[in-house]
Amino acid sequence: MRVGIGYDSHSFDQDRPMVLGGVAIPDSPGLEGHSDGDAVIHAVIDAILGAASLGSIGTRFPDTDPAYAGADSLLLLEHSVRLLETENYQVVNVDVTVIAQSPLIAPYAERMAERLAEKLHVPASGVSVKGKTNEGLGWIGRGEGLATMAVVLIDQMPDIDAFLASIRSGGG
Ligand code: CDP
Ligand code: ZN
């Protein structure tokens with residue numbers, strides 16, 4: 001088993017819609033960014049890539065590449081999970097904290113967890129999302145933007161091919 005950690009932060013942008021954890025949050029300014037600015041997904045991606053030593057969101061999906069302009073972060077997450085599974089790992093669980101004066105995360109947390117779980121190939125109980133204010137302190141406290149943190153546990157999948165080969169050779 002291996003653990004990974006991810007962090008992200010984005011400024012608010014009044015002119016963009018808010019999408020966090022793949023869920024639209026009405027009545028909130030959106031997040032600035034080259035992609036859709038989904039800071040929850042970005043932190044989760046970095047945690048996944050970090051757990052498997054597969055680099056970072058910046059090296060895998062460079063924001064200088066026009067292919068990722070306005071990209072749906074859920075697609076980047078799907079791609080990251082594919083990379084992970086290619087390395088014979090699966091996600092065990094993910095825990096996310098959003099640090100924001102607003103919006104309130106609690107009303108959307110369950111839907112975010114369901115959305116993420118689907119892409120991570122884990123049951124919904126394998127994903128936790130929660131919010132905290134920054135007690136009014138600093139740039140987050142002034143409502144200039146928000147930050148996210150994520151940790152993930154991954155596990156090596158059984159090597160089915162090797163197992164079958166060992167049975168066939170009588171070594172099983
Ligand atoms: O009480 P304490 O200072 O530890 O926490 P808080 O930052 O005041 O947040 C209290 C509770 O509000 C959190 O535990 C969350 O359930 C909720 N919350 C949220 O859902 N979304 C936020 N952006 C901030 C807080
Ligand atoms: Zn981001």
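## Zinc site

In this predicted model, the donor residues of the zinc ion (ligand 2) follow the sequence spacing D-x1-H-x31-H. The pair His10 and His42 links distant parts of the chain, since His10 belongs to strand β1 (residues 2-13) and His42 to helix α1, with their positions 32 residues apart in the sense that they are 32 residues apart. Coordination of the zinc ion (ligand 2) comes from Asp8 through OD, His10 through NE2 and His42 through ND1, at 1.9 to 2.0 Å. Both His10 and His42 are buried.

A further side chain meets one of these donors: Ser35 and His42 are joined through their side chains by a polar contact of 3.3 Å. Ser35 is found in the loop between β4 (30-31) and α1, and it counts as buried because its relative accessibility is 9%, under the 20% limit used for that term.

## Overall architecture

The chain contains 6 helices and 7 strands, and from the N terminus on its elements run in the order β-β-β-β-α-α-α-β-α-β-α-β-α. Taken along the principal axes, the C-alpha atoms of the chain fill a box of roughly 65 × 35 × 25 Å.

Of the 172 residues of the chain, 44% count as buried. Among contacts between residues at least 6 apart in sequence, 72% join residues at least 24 apart.

## Helix α1

Helix α1, which carries the zinc donor His42, has 13 residues and reaches 18 Å from its first C-alpha to its last, close to the 18 Å expected at 1.5 Å a residue. Because 12 of its 13 residues are buried, α1 is largely enclosed by the rest of the structure. The buried residues of α1 are Ala39, Val40, Ile41, His42, Ala43, Val44, Ile45, Asp46, Ala47, Ile48, Leu49 and Ala51. Just after α1, Ser53 takes a positive phi of about 50 degrees.

## Thr148 and its surroundings

Thr148 has its place in strand β7, and it counts as buried because its relative accessibility is 0%. The side chain of Thr148 reaches the backbone oxygen of Ala39 at 2.7 Å, and Ala39 is itself one of the buried residues of α1.

With neighbours within four places in sequence left aside, Thr148 is in contact with Gly6, Tyr7, Asp8, Ala39, Val40, Ala43, Thr97 and Val98. This list includes Asp8, which is also one of the residues that coordinate the zinc ion (ligand 2).

## Nonpolar core

In soluble globular proteins, nonpolar side chains tend to be buried together. The largest nonpolar core of this model has 48 residues, and those with the most contacts inside it are Leu20, Leu77, Leu120 and Leu146. The elements that give two or more residues to this core are α1 (39-51), α3 (73-86), β5 (89-99), α4 (106-120), β6 (127-132) and β7 (145-156); α1 gives the most, with 10 residues.

Leu120 is one of the residues with the most contacts inside the core, and it is also among the buried residues of α4. Leaving aside neighbours within four places in sequence, Leu120 is in contact with Val44, Ile48, Leu77, Val81, Val91, Val94 and Val127.

## Helix α4

The 15 residues of α4 should span 21 Å at 1.5 Å a residue, and because its end C-alpha atoms are 21 Å apart, the model agrees with that expectation. The buried residues of α4 are Tyr108, Ala109, Met112, Ala113, Leu116, Ala117, Lys119 and Leu120. An α-helix has 3.6 residues a turn, so residues three or four places apart point the same way.

The buried residues of α4 pack against β2 (19-20), β3 (23-24), α1, α3, β5 and β6. The helix is followed by His121, whose phi is positive, near 60 degrees.

## Surroundings of ligand 1

Ligand 1 is surrounded by Ala100, Pro103, Leu104, Ile105, Ala106, Gly131, Lys132, Thr133 and Glu135. From the backbone, a polar atom of Ala106 is 2.8 Å from an oxygen atom of ligand 1.

Side chains take part as well: an N or O atom in the side chain of Lys132 is 2.4 Å from an oxygen atom of ligand 1, and a polar side-chain atom of Thr133 lies 2.6 Å from an oxygen atom of ligand 1.

Conventions
Residues numbered from 1 in each chain as written. Chains lettered and ligands numbered in written order. Predicted model: local features only at pLDDT ≥ 70, side-chain atom pairs only at ≥ 80, totals over all residues. Heavy atoms only, no water. Core = buried A, V, L, I, M, F, W, Y, C linked by side-chain atoms within 4.5 Å. Buried < 20%, exposed > 50% of the residue type's maximum accessible area, 1.4 Å probe, protein only. Helix = DSSP H or I, 4+ residues; strand = E, 2+ residues; numbered from the N terminus. Contact = heavy atoms within 4.5 Å. Donors = N, O, S within 2.8 Å, 3.2 Å for Na, K, Ca; no water. Expected span 1.5 Å × (residues − 1). Polar contact = N/O pair within 3.5 Å; in protein donor to acceptor, adjacent residues only side chain to side chain. Near = heavy atom within 4 Å.
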